Amino acid sequence: MRDADSSQLRVPPSFRVLLVDDHPLFLEGLQNLLNAEGIEVAGVAHDGFEALAQARRLHPDVILMDVQMPRCDGLAATRLIKAEMPQCKIVMLTMSEDEQDLFEAVKSGASGYLLKQLDAAQFFNYLAELRSGHTPFSPGLADKILREFTRQSARSEMERGSGQPAGEE
């Protein structure tokens, strides 16, 4: 949704969010930021197991989930939640720029991957894009995914051309 006075996207106020992160100060700050923009924080969780329980109970519109957490990380939690609630949108909100985390998040069903170094305006634009059906990725991350997809596609083509099944050498 676009604000009449601004070209920035705005997140509808009925947007319900579940926050999942193992750092209490970050969770509190993010919750305050979202509330200040009129976005309902339906709940918070501190690890993937709590996220699954909260998602079952609260049915949020979106889950903002860290990757690295104790007991059950965000990647495993994403797989668990998507298995039960495939319609649930999960966006990884993390410090991890590791390509393996990024690729695993996408394979696990994440609806986006945002780095915590975003400023608030960028963050809210990405949330609004998500609500509009787009897949939010921090700058540069979509390029990494496309390069990996191209690399895997080229490898698959080479293996087919050699008569070997993909993955066998």
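In what order do the elements of the protein run from the N terminus on? They follow the pattern β-α-β-α-β-α-β-α-β-α-α, and the legends below visit a few places along it in this predicted model.

**Figure 1. The whole protein, with its six helices and five strands.** Let us start with the full view before zooming in. The protein has 169 residues, and 43% of them count as buried. Contacts that span long stretches of sequence are well represented here: taking residues at least 6 apart in sequence, 60% of the contacts join residues at least 24 apart.

**Figure 2. Close-up of helix H2 (residues 48-58) beside helix H3 (residues 74-84).** A pair of packed helices is described by the angle between their axes and the distance between those axes. For H2 and H3, the axes come within 9 Å and cross at roughly 20 degrees. Because that angle is under 35 degrees, H2 is roughly parallel to H3. The crossing of H2 past H3 is right-handed. On the H2 side you will find Gly-48, Ala-51, Leu-52, Ala-55 and Arg-56, which meet Ala-77, Leu-80, Ile-81 and Glu-84 of H3. Sorted by class, this contact has six nonpolar residues, one polar and two charged.

**Figure 3. Close-up of Gly-48 in helix H2.** Is Gly-48 buried or exposed? With 0% relative accessibility, Gly-48 counts as buried. Beyond its neighbours within four places in sequence, Gly-48 is in contact with Met-69, Cys-72, Asp-73 and Ala-77. Do look for Cys-72 in this view: Gly-48 and Cys-72 are 24 residues apart along the chain, yet 4.6 Å separates their C-alpha atoms.

**Figure 4. Close-up of the buried residues of H3.** Gly-74, Leu-75, Ala-77, Thr-78, Ile-81 and Lys-82 are the residues to pick out here, as they are buried in H3. They lie on the same side of H3, because the arc they cover around the axis is only 155 degrees. What covers them? Their cover includes H2, strand S3 (62-65), strand S4 (89-94) and helix H4 (99-108).

**Figure 5. Close-up of helix H3 packed with helix H4.** The axes of H3 and H4 are 9 Å apart, and the helices pack at an angle of about 10 degrees. H3 and H4 are therefore roughly parallel to each other. From H3, the contact uses Leu-75, Thr-78, Arg-79 and Lys-82, while H4 brings Asp-101, Glu-104, Ala-105 and Ser-108. These residues divide into two nonpolar, two polar and four charged.

**Figure 6. Close-up of Ala-83 in helix H3.** Ala-83 counts as exposed, at 66% relative accessibility. Gly-109 is a good partner to locate in this view: Ala-83 and Gly-109 are 26 residues apart in sequence, with a C-alpha to C-alpha distance of 9.2 Å.

**Figure 7. Close-up of two loop residues, His-59 and Arg-71.** Most residues other than glycine have a negative phi. His-59 has a positive phi, near 50 degrees, and sits in the loop between H2 and S3. With a relative accessible area of 53%, His-59 is exposed. Arg-71, in the loop between S3 and H3, also has a positive phi, near 65 degrees. Arg-71 is exposed too, with a relative accessible area of 63%.

Technical notes: Residues numbered from 1 in each chain as written. Predicted model: local features only at pLDDT ≥ 70, side-chain atom pairs only at ≥ 80, totals over all residues. Heavy atoms only, no water. Axes fitted to C-alpha atoms, helices over the stretch in contact; angles between N-to-C directions. Helix = DSSP H or I, 4+ residues; strand = E, 2+ residues; numbered from the N terminus. Parallel < 35°, antiparallel > 145°, perpendicular 65-115°, else oblique. Left-handed = near helix turned anticlockwise from the far one by under 90°. Contact = heavy atoms within 4.5 Å. Nonpolar A, V, L, I, M, F, W, Y, C, P; charged D, E, K, R; others polar. Buried < 20%, exposed > 50% of the residue type's maximum accessible area, 1.4 Å probe, protein only. Arc of directions from axis to C-beta.
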